[in-house]
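Student: Please take me through this model one question at a time. I would like to see how each answer is reasoned out.

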Amino acid sequence: MSDRSATPGVLETTDRAILRELARDGRCSFTDLAERVGLSVSAVHQRVRRLEQRGALQGYTAKVDGDQIGLPLTAFISLTPIDPAAPDDYPQRLEHLPQIESCYSVAGDESYILQVRVASPLGLEELLRQIREAAKVSTRTTVVLSTPFENRPPAI
């Protein structure tokens, strides 16, 4: 019996295992990956390429320590439109601000939640001013005190 799924958008068991291993260690060699999932190196290479082309595997990134690069302050900023009739183009209005690491469209009172990283409280204050000016929104900010864990791999 094949482990291929008949449902579009649902991954095969082997592909899920490959994604699970790569989510844990994106620098895993094809040799190690093949051993972990029980396939040949060439089969793993083909499957990884197919997962990349399909968009299930969207890239490989390095995790950077904010303290080490002079950006120790992480915060979440919730955006609420001042004018509910205004166009919903906040991500485009804010994409020029490199301090914004993530932008999430959310349900609830806020329209978006941003994850930002800055050097200091003064830097956060300046960023908030820039966000309010560029997007014409009100903001609510939560400063991160510590991060017991983040960027955990999804439960694949």
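Student: Which exposure class does Arg-50 belong to?
Tutor: Start from the cut-offs: buried is under 20% relative accessible area, exposed is over 50%, and partly exposed is in between (1.4 Å probe, protein chains only). Arg-50 has a relative accessibility of 32%, so it counts as partly exposed.

Student: Before we go on, what kind of model is this?
Tutor: Residues are numbered from 1 along each chain as its sequence is written, and side-chain values use heavy atoms, with hydrogens and water left out. Local features need pLDDT of at least 70, side-chain atom pairs count only at pLDDT 80 or more, and totals for chains, interfaces and linings use all residues, for the model is a predicted one.

Student: How many salt bridges does the structure hold?
Tutor: The criterion comes first: a side-chain nitrogen of Lys or Arg must be within 4 Å of a carboxyl oxygen of Asp or Glu. By that rule, the number of salt bridges in the structure is eleven.

Student: Let's look at one of them. How far apart in sequence are the parts tied together by Glu-12 and Arg-47?
Tutor: These two side chains meet in a salt bridge of 3.0 Å, N to O. Glu-12 is in the segment before H1 while Arg-47 is in helix H3, so the parts tied together have a sequence separation of 35 residues.

Student: Which residue of helix H3, besides that one, forms a salt bridge with Glu-12?
Tutor: In this pair the closest N and O atoms of Glu-12 and Arg-50 are 4.0 Å apart. Because Glu-12 lies in the segment before H1 and its partner in helix H3, the pair ties together parts 38 residues apart in sequence. Helices here are DSSP runs of H or I with at least four residues, strands are runs of E with at least two, and both are numbered from the N terminus. The partner is Arg-50.

Student: Is Glu-12 buried or exposed?
Tutor: Its relative accessible area is 7%. That value is under the 20% limit, so Glu-12 is buried.

Student: Which residue of helix H1 pairs with Arg-47?
Tutor: Arg-47 makes a salt bridge with Asp-15, and the closest N and O atoms are 2.8 Å apart. The pair links distant parts of the chain, 32 residues apart: helix H3 holds Arg-47 and helix H1 holds Asp-15. At 15% relative accessibility Arg-47 counts as buried. Its partner, which counts as buried at 1% relative accessibility, is Asp-15.

Student: Which residues do salt bridges with shared partners join into one network?
Tutor: Put the pairs together: Arg-47 bridges Asp-15, and Arg-50 bridges Glu-12. Glu-12 also meets Arg-47. The network therefore joins Glu-12, Asp-15, Arg-47 and Arg-50.

Student: What span should helix H1 have, going by its number of residues?
Tutor: The expected span is 1.5 Å times one less than the number of residues. Helix H1 runs over residues 13-24, which makes twelve residues, and its end C-alpha atoms are 17 Å apart. This agrees with the expected span, which is 16 Å.

Student: What covers the buried residues of H1?
Tutor: The buried residues are Thr-14, Asp-15, Ala-17, Ile-18, Leu-19, Glu-21 and Leu-22. Contact here means heavy atoms within 4.5 Å. What covers them includes helix H2 (30-37) and helix H3 (41-54).

Student: How far apart are the centres of domain 1 and domain 2?
Tutor: The assignment, which is automatic or from a database, gives domain 1 as 13-54 and domain 2 as 66-143. Taken over C-alpha atoms, the distance between their centres is 36 Å.

Student: Which side chain makes a polar contact with the side chain of Arg-117?
Tutor: A polar contact is a pair of N or O atoms within 3.5 Å; within protein, one must be able to donate a hydrogen and the other to accept it, and residues adjacent in sequence count only if both atoms are side-chain atoms. Arg-117 is found in strand E3 (residues 112-118) and counts as buried at 12% relative accessibility. Its partner is in strand E1 (residues 73-81) and is buried, with a relative accessible area of 9%. At 3.2 Å, that partner is Thr-74.

Student: Where does Lys-136 lie?
Tutor: Lys-136 has a positive phi of about 55°, although it is not a glycine. Its place is the loop between helix H5 (121-135) and strand E4 (137-143).
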